[in-house]
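The following account leads the reader through one protein structure, from the lining of a pocket to a metal site, the overall fold and a few individual residues.

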Amino acid sequence: MRRTGSCLCGQATFTAEALERLQACHCSMCRKWVGGPFMAVPCQQATFSGPVKRYASSEGFERGFCSECGSSLFFHPKGSGLHGIPIGLFDDQTGLPFKTEFFIDQKPGCYAFANETRQMTAAEFRETFRKG
Ligand SMILES: [Zn+2]
Ligand SMILES: [Zn+2]
């Protein structure tokens, strides 16, 4: 389903084909980037417009943000058709069940989600997504 959304100041906008699910990443980089667990909707065919800045956060990966208000806009494995877009940016946040938590072994002890999710460690994540 085609979904739309925007950043805090409203100048950066997107439309994307959302894979109808919500995921969280507890890795230290994501937590630095958004200030807590990164709760994202995996999307295909995402197009962004407005003051979008890209940051090469690690080899092969980039993260986009609004250069005006600083909102996190996407996490993108370069060369893939995928963008992880924060749930909070979406105009309509319904119909996106919380399915998976990544890097569960890097989650701080001070919080835990009550949702029943598939939880993957850093090693399991790399094992699953290394190929391709
Ligand atoms: Zn903005
Ligand atoms: Zn992460």
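In sorting residues by character, Ala, Val, Leu, Ile, Met, Phe, Trp, Tyr, Cys and Pro count as nonpolar, Asp, Glu, Lys and Arg as charged, and the others, Gly among them, as polar. On that basis, the lining of the largest pocket in this predicted model divides into 17 nonpolar, nine polar and six charged residues. The volume of the largest pocket is about 910 Å³. It is lined by 32 residues, and those closest to its centre are Phe61, Phe75, Pro77, Phe125 and Phe129. Several elements contribute at least two lining residues each: the strands β3 (22-25), β4 (38-49), β6 (61-66), β7 (72-77) and β8 (82-86), together with the helices α1 (28-34) and α2 (122-129). Space of this kind can be located in a simple way: rolling a probe the size of a water molecule over the atoms shows where empty space is left.

The metal site comes next. Which protein atoms act as donors to the zinc ion (ligand 2)? They are the SG atoms of Cys25, Cys27 and Cys30, at 2.2 to 2.3 Å from the ion. Along the sequence, these donor residues follow the spacing C-x1-C-x2-C. Cys25 has a relative accessible area of 9% and is therefore buried, the limit being under 20%. Cys27 is likewise buried, with a relative accessible area of 9%.

The overall fold can now be set out. The protein has two helices and 10 strands, and their order from the N terminus is β-β-β-α-β-β-β-β-β-β-β-α. For 132 residues, a compact globule would have a radius of gyration near 14 Å, and the protein, at 14 Å, agrees with this. Along the principal axes, its C-alpha atoms fill a box of roughly 35 × 35 × 30 Å. Buried residues make up 38% of the 132. Of the contacts with a separation of 6 or more, 53% join residues 24 or more positions apart.

Two arginines illustrate such surroundings at the level of single residues. Is Arg3 buried or exposed? Arg3, in strand β1 (residues 2-6), has a relative accessible area of 4% and so is buried. Beyond its neighbours within four places in sequence, Arg3 is in contact with Phe14, Thr15, Ala16, Ala18, Glu20, Phe90, Asp92, Thr94, Gly95 and Leu96. Arg31, by contrast, belongs to helix α1 and counts as partly exposed, because its relative accessibility is 24%. Residues up to four places away aside, Arg31 touches His26, Gly36, Pro37, Gln106, Pro108 and Tyr111. Of these partners, Gln106 is 75 residues from Arg31 in sequence, while the C-alpha atoms of the two lie 9.9 Å apart.

The backbone offers a final point. Most residues other than glycine have a negative phi, and most peptide bonds are trans. Gln45 has a positive phi, near 50 degrees; Gln45 is placed in strand β4 and counts as exposed because its relative accessibility is 55%. Phe103, also not a glycine, has a positive phi of about 55 degrees. Phe103 lies in the loop between β9 (98-102) and β10 (118-119), and with a relative accessible area of 10% Phe103 is buried.

Technical notes: Residues numbered from 1 in each chain as written. Chains lettered and ligands numbered in written order. Predicted model: local features only at pLDDT ≥ 70, side-chain atom pairs only at ≥ 80, totals over all residues. Heavy atoms only, no water. 1 Å grid on protein atoms, 1.4 Å probe; cavity = no way out; pocket = protein on both sides within 12 Å on 5 of 7 lines; lining within 4 Å. Points joined across faces, edges and corners; volume = space filled by probe spheres on them. Helix = DSSP H or I, 4+ residues; strand = E, 2+ residues; numbered from the N terminus. Donors = N, O, S within 2.8 Å, 3.2 Å for Na, K, Ca; no water. Buried < 20%, exposed > 50% of the residue type's maximum accessible area, 1.4 Å probe, protein only. Rg over C-alpha atoms; globule rule 2.2 N^0.38 Å. Contact = heavy atoms within 4.5 Å.
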